[in-house]
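Here is a friendly walk through one chain, taken a region at a time. Keep the structure open beside you and follow along.

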Amino acid sequence: MMAGRGVDLTAAGGPARHIPVMLSEVLAALEPKDGEVFVDGTFGAGGYTRAILDAARCQVIAIDRDPDAIAGASVLEERFPGRLHAILGCFADMDGIVERLGIEAVDGVALDLGVSSMQLDQAERGFSFMQEGPLDMRMGKEGPTAADVVNLLPERELAQLVAVLGEEKRARAIARAIVAHRDEQPILSTLELADIVARVLGRKHDDTKHPATRTFQALRLYVNRELDELATGLGAAERLLKADGRLVVVTFHSLEDRIAKRFFASRSTPPPRGSRHLPEKGDAVLAPSFRLLNRRPLSPSKDEIRANPRARSARLRAGVRTAAPAHALDLADLGLPRLAM
Ligand SMILES: C[S@@+](CC[C@H](N)C(=O)[O-])C[C@H]1O[C@@H](n2cnc3c(N)ncnc32)[C@H](O)[C@@H]1O
């Protein structure tokens, strides 16, 4: 199968179906050169990793929290001997992962957030409200499942989770319906939950989105602690990048994009007068640690969206590391939603 911009992903291990999103824009921002080292924090089907390794005689440290994704990396490890290190782990830990490989700093980091098409399309992973499967949603196959959350969380907390992480206006009604249902029998499957949500929300004629989209997004973000991972991962990338190193982040919804936007904004401008970040006497001056590559986020072209509708909500933000020290990471400042639970 040929996927996006002539990249043949079948060679990346088995029947790969994930089409890399905004690949040419990601490569243009990363500008791989011979001898450089990159972190691909979201290996997935290896679309970015493979393109980076093809672009120059460089190395890639590819991280994914999904053991299935890392198992699929062996084909690329053989194809690029000694140039690919595929590591099972979370990108929030990328500085530790890179350090354990004996590497001090890197020339580029790419993050392509969310789930891969393989995860979404495999009913047994439980991410899809379109296919019957266990209500799982764990990218890393460990820890509490979405079914645990839906069946065990108190109603108020469930409502808050769906409201904040799903940006769902009818969260309280959905939480009430979930609790009424689970009082009769536990909710164990994706379609069971999708049906409960659809009955609360109904479906409008002009709706292009399934009514359960927001509830499923909320559960997925919560189960995988995705927003914490993103904020912490951005901080780790900032510490790990050399001066002139490139950071590229592709987000897929407003909560993710807000974190990426605030991260780059807070690090690409000098602190305003009177800011609480102004240095105390004797502190280092908090100079910008990034120069933005684009003032506004890039979106996929119409052609790309036509060829790959899953790319439609993608937003790409990128910056080049300056020589200034990394800033302290303040999760609240980055717009990480607070859940009182
Ligand atoms: C959208 S896919 C990446 C696709 C990839 N760019 C490609 O071209 O094939 C996202 C991948 O990132 C992984 N992932 C998501 N969050 C992660 C995290 N915090 N740490 C490590 N991997 C993560 C998922 O398991 C999934 O395989």
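## Aromatic pairs

The structure holds 4 aromatic pairs. In one of them, the ring centres of Phe264 and Phe290 lie 5.5 Å apart with the planes at 85°, so this pair is edge-to-face. Phe264 belongs to helix H13 (residues 254-268) and Phe290 to strand S8 (residues 290-292), so the pair ties together parts that are 26 residues apart in sequence. Please bear in mind that this is a predicted model.

Are these two rings buried or exposed? Both Phe264 and Phe290 are buried. Together with Phe263, they form one aromatic cluster. Phe290 also has a charged partner: Arg321 lies over the face of its ring, at 5.9 Å from the ring centre.

## The chain as a whole

Stepping back, the chain has 14 helices and 9 strands. Of its 341 residues, 51% are buried. The chain exposes about 16,300 Å², and carbon and sulfur atoms supply 51% of that area.

Contacts across the sequence are worth a look too. Taking contacts between residues at least 6 apart in sequence, 68% join residues at least 24 apart.

## Helix H9 and its packing

Now to helix H9, residues 171-184. At 1.5 Å a residue, its 14 residues should span 20 Å, and the end C-alpha atoms are indeed 20 Å apart, which agrees.

Which residues of H9 are buried? They are Ala171, Ala173, Ile174, Ala175, Ile178, Val179 and Arg182. It helps to recall that an α-helix has 3.6 residues a turn, so residues three or four places apart point the same way. The buried residues of H9 pack against four helices: H7 (146-152), H8 (155-166), H10 (190-201) and H11 (213-223).

## Neighbours in H10 and H11

Two of those partner helices offer residues to zoom in on. Thr215 lies in helix H11, and its relative accessibility of 1% means that Thr215 counts as buried. Setting aside residues up to four places away in sequence, Thr215 touches Val162, Ile174 and Val197. Ile174 is one of the buried residues of H9.

Ala194 sits in helix H10 and is buried, with a relative accessible area of 4%. Apart from neighbours within four places in sequence, Ala194 is in contact with Phe129, His210, Ala212 and Phe216. The C-alpha atoms of Ala194 and Ser128 are 9.2 Å apart, although 66 residues separate the two along the chain.

## Helix H2 and the loop after it

Helix H2 (residues 47-55) has 7 of its 9 residues buried, so it is largely enclosed by the rest of the structure. The buried ones are Gly47, Tyr48, Thr49, Arg50, Ala51, Ile52 and Leu53.

Cys58 is placed in the loop between H2 and strand S4 (59-64). What does Cys58 contact, leaving aside its neighbours within four places in sequence? Its partners are Pro32, Lys33, Gly35, Glu36, Phe38, Ile52, Leu53 and Arg83. Ile52 and Leu53 in that list are buried residues of H2. The C-alpha atoms of Cys58 and Gly35 are separated by 4.9 Å, with their positions 23 residues apart along the chain.

## Cysteines

Cys58 counts as buried, at 1% relative accessibility. Cys90 is buried as well: its relative accessible area is 18%, and the cut-off for buried is under 20%. How many disulfides does a search of the whole structure find? The search finds 0.

## Two loop residues with positive phi

Most residues other than glycine have a negative phi. Met137 departs from that pattern, with a positive phi of about 70°. Met137 is found in the loop between helix H6 (117-121) and H7, and at 0% relative accessibility it counts as buried.

Glu167 also has a positive phi, near 50°. Glu167 lies in the loop between H8 and H9. Is Glu167 buried or partly exposed? At 37% relative accessibility, Glu167 counts as partly exposed, whereas Met137 is buried.

Methods
Residues numbered from 1 in each chain as written. Predicted model: local features only at pLDDT ≥ 70, side-chain atom pairs only at ≥ 80, totals over all residues. Heavy atoms only, no water. Expected span 1.5 Å × (residues − 1). Buried < 20%, exposed > 50% of the residue type's maximum accessible area, 1.4 Å probe, protein only. Contact = heavy atoms within 4.5 Å. Phe/Tyr/Trp six-rings, centres within 6.5 Å; stacked < 30°, edge-to-face > 60°. Lys NZ or Arg CZ within 6 Å of the ring centre and 35° of its normal. Areas by Shrake-Rupley, 256 points an atom, 1.4 Å probe, with all protein chains shown as cover. Disulfide = S-S within 2.5 Å.
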